[in-house]
Structures are given as C-alpha cells and as structure tokens.
Amino acid sequence: LYLLDSNNGTNDGRLVPIMDVRGFPELPKPRWGHALVALEGSTNRAVLMGGCNSQDGAMKDVFVLHLCVEERQDSQGGNLEPRRFAYFVWERLSINLPSPRFHFGAALLEEDTILLFGG
C-alpha cells in the first residue's frame, strides 16, 4: 500500500510506503456501497459512513480516517537523507447515521458539514 506524494517539489511525485493501518478502538468492517468524503482544509482526514456487507447487512457506523506522515532518517546503504513514512488510523465516532444505509450520496457542503442523500 502506497501514498502518492505530489507535494515533494517535483512534477513526477513519489510513492510513500504505508507502513501500518491502526484502528481506535477498532477497524471498520469490510463493506461496499459506503461513502468516503475527504474533509476540505485537511489533507489528511476523510469520513467513512454506512455501507453494507453480507454478514451484517446495511450499516450506520461512522469512522474518520487519519493519514499520519512521519519523516525518518533512512540509514540503509549509507543514505542519511530523510524519508517519509505514512500510516492510517481509523477512529470510530460515537455518532451513527440516522438509519443504516448503502448506495447513497454524500457531499461536503462546508468545512465541517456533509450532506447525505438517499440510501
């Protein structure tokens, strides 16, 4: 799993390895038909809502995906140049959607307001 880093000052970008995926207090269950909305003004957060799977049916849970990036010295091969490493942290929110839903629309209206439609 890699993150494409296009803010490195070049036109070609580079791949940053995703070293870990963590969940607090848990990881989201596998799902389809969900919505994942990136939060504006934040290059490192997105909100995951709803979805469905064959075991649980429609879901109403809400998670925030945080992208954490660290710079570390890379000492392999005598290279002391800092390298970027990234990991994801899933945070389950204490709120739920008003009802379980999947195959619905979601759009960011303002920095902290998401519109849900259908499902």
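How exposed is arginine 22, in terms of relative accessible area? Select arginine 22 and you'll find a partly exposed residue, at 38%. Here buried means under 20% relative accessible area, exposed means over 50%, and partly exposed is in between, with a 1.4 Å probe and protein chains only.

Before you click on, some ground rules. This is a predicted model, where local features need pLDDT of at least 70, side-chain atom pairs count only at pLDDT 80 or more, and totals for chains, interfaces and linings use all residues. Residues are numbered from 1 along each chain as its sequence is written, and side-chain values use heavy atoms, with hydrogens and water left out.

**Zoom out**

Show the whole chain as a cartoon. You'll see 10 strands and 0 helices, so the run from the N terminus reads β-β-β-β-β-β-β-β-β-β, where strands (E, at least two residues) and helices (H or I, at least four) are DSSP runs numbered from the N terminus. Of the 119 residues in the chain, 31% are buried. Switch on a surface next: the chain exposes about 8000 Å², and carbon and sulfur atoms supply 51% of that. Accessible areas come from the Shrake-Rupley method with a 1.4 Å probe, and for residues only the protein chains shown count as cover.

If you like contact maps, take the contacts (heavy atoms within 4.5 Å) with a separation of 6 or more: 45% of them are between residues 24 or more positions apart.

**Strand β2**

Now select residues 14–24, which is strand β2. Put aspartate 20 and arginine 22 in sticks: their side chains meet in a salt bridge, 2.8 Å from N to O. The term covers a side-chain nitrogen of Lys or Arg within 4 Å of a carboxyl oxygen of Asp or Glu. Aspartate 20 is partly exposed, with a relative accessible area of 30%.

Valine 21 also lies in β2, and is partly exposed at 37%. Add Leu1 and Leu27 to the selection: together with Val21 they form a nonpolar patch on the surface, with about 280 Å² of accessible area between them. Patches take residues with over 30% relative accessible area and no salt bridge, joining like charges within 9 Å and nonpolar side chains (Val, Leu, Ile, Met, Phe, Trp, Tyr) within 5 Å.

**More charged pairs**

The salt bridge count comes to 4. Select lysine 29 and aspartate 56, which form one of them at 3.3 Å, N to O. Lysine 29 sits in the loop between β2 and β3, while aspartate 56 sits in the loop between β5 and β6, 27 residues apart. Lysine 29 is partly exposed at 44%, and aspartate 56 is partly exposed at 34%.

Next, pick arginine 31 and aspartate 61, another salt bridge, with the closest N and O atoms 2.8 Å apart. Aspartate 61 belongs to strand β7 (residues 61–73) and arginine 31 to the loop between β2 and β3, 30 residues apart. Both aspartate 61 and arginine 31 are buried.

**Cysteines**

Select cysteine 52 and cysteine 68. Cysteine 52 is buried, at 7% relative accessibility, whereas cysteine 68 is partly exposed at 22%. The structure holds 0 disulfides, a disulfide being a pair of cysteine sulfur atoms within 2.5 Å.

**Last stop: the hairpin**

Finish with β9 (residues 105–110) and β10 (residues 113–117), which run antiparallel and are joined by 5 bridges. Strands pair if DSSP finds at least two bridges between them. β9 and β10 form a hairpin with 2 residues between them. Label glutamate 110 and look across: threonine 113 in β10 stands opposite.
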